[in-house]
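Subject: Model handed over, with notes on its sheet and helices

Dear colleague,

Please find below the structure that I would like to hand over to you. My notes on what was found in it follow directly after.

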Amino acid sequence: MAKTILITGATGNVSSGILNNLKNSGHTLRALVRNEEKAGALRKQGIDVRIGDLEKPWTLGPAFEGADTVWLLTPPGPRAPEQSSNGLWAAAQAGVKYVVRMSAVGAAFNAPTINSRLHALSDAELVASGIPYTILKPHFFAQNLMMAAGSIAQEGAMYMGLGEAKMGIIDCRDISDFAAHVLTHPGHEGKTYTLTGPASVNMHQVAAAIGTAIGKPVKYVAVPVEAVGPAMAQMGMDPWTTNLFVDYVKAYGANWGNFANGEFQAVTGKAPRSIEQFARDFAGVFGKK
């Protein structure tokens, strides 16, 4: 049965991927954006765009009204629980029948990262809301590796503070694929999925994969954890986000993320993209001529 699906965070990587997945699905797609300047490209795709801000609950009614299903995504930040709560309240008031929420890997009240602790608050609120739900907890995004694109292209080196740790890195495109599936197929209500790539890999393996893709050697250079915060601040990152990155570097460096599972393939019937495929697909970003 065709549904009206509201996609929040519609201009971000994951949400735009969901819209692309579902554009010929027969469902009515609706996108929430914060300002009119971001609406034009989506409208050209035939998507019903609604202007609203998750930090301004009084703007959300028209966007949520009439929606059957909601994809609820909030960017990392200190106001993320407020944004998620406002979106959930708007969904409840509109009689939404199903909410799929993007959480974070390891989201729990005792998680070592502030981002995962804040997501745990929003996960708990969704579970308690009475609205049928699915929660997705994706691992480290492969696209985060693009922060090292400059040094890879110029020096053949990627500098990160992750030591020898391994992680089940997942491509954002797979998060979009998985979300599109659960938004439109029954049987996922009340479930929480942790999404990983096909294998847990260290940064040496990542560097090797990128090197093969771009046709020149790339080495991973482990930098001290203590140097990560000052480096981020020097790049102009705000203190809260800098702290978020340092949290993750410390946690991942201690092998907190050293796992991969088969949940993506069990649900979608296909394997998630490998780090080698990611490197090939984005070789141009990393300097391949």
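Strand β6 (residues 133–138) is joined to β9 by five bridges, and the two strands run parallel; strands are taken as paired if DSSP finds at least two bridges between them. In this pairing, proline 138 stands opposite leucine 195 of β9. Before I go further, please note that this is a predicted model, in which local features need pLDDT of at least 70 and side-chain atom pairs count only at pLDDT 80 or more, while totals for chains, interfaces and linings use all residues. Residues are numbered from 1 along each chain as its sequence is written, and side-chain values use heavy atoms, with hydrogens and water left out. Helices (H or I, at least four residues) and strands (E, at least two) are DSSP runs, numbered from the N terminus.

β6 is also joined to β5, by four bridges and again in parallel, with valine 100 standing opposite threonine 134 of β6. Six of the six residues of β6 are buried, where buried means under 20% relative accessible area, exposed over 50% and partly exposed in between, with a 1.4 Å probe and protein chains only. In a regular strand the side chains alternate between the two faces of the sheet. In β6, Tyr133, Ile135 and Lys137 point one way, and Thr134, Leu136 and Pro138 point the other way.

The wider sheet is open and consists of seven strands in the order β3-β2-β1-β4-β5-β6-β9, with parallel pairing. β3 (48–51) and β9 (191–195) stand at its edges with a single partner strand each, so one side of each has no neighbour in the sheet. On average, neighbouring strands are turned by 20° against each other, direction ignored. Helix α7 (residues 172–184) lies across β1 (4–7), β4 (69–72), β5 (98–102), β6 and β9, and runs at about 165° to β5; axes here are lines fitted to C-alpha atoms, for helices over the stretch in contact, and angles run from 0 to 180 degrees between N-to-C directions.

Two helix pairs may also interest you. The axes of helix α4 (residues 80–94) and helix α5 (residues 114–128) come within 9 Å and cross at roughly 15°, and the two helices are therefore roughly parallel, given that angles under 35 degrees count as roughly parallel, over 145 as roughly antiparallel, 65 to 115 as roughly perpendicular and the rest as oblique. Their contact (heavy atoms within 4.5 Å) is made by Ala80, Pro81, Ser84, Ser85 and Leu88 of α4 together with Leu118, Leu121, Ser122, Glu125 and Leu126 of α5.

Helix α9 (residues 225–234) packs against helix α10 (residues 239–253) at an angle of about 155°, with the axes 9 Å apart, which makes α9 roughly antiparallel to α10. On the α9 side Val225, Val228, Gly229, Met232 and Ala233 take part, and they meet Thr242, Phe245, Val246, Val249 and Lys250 of α10.

Lastly, leucine 60 lies in the loop between β3 and α3 (61–64) and counts as buried, because its relative accessibility is 0%. Leaving aside residues up to four places away in sequence, leucine 60 touches Leu32, Gly52, Asp53, Leu54, Asn86, Gly87 and Ala90.

With kind regards
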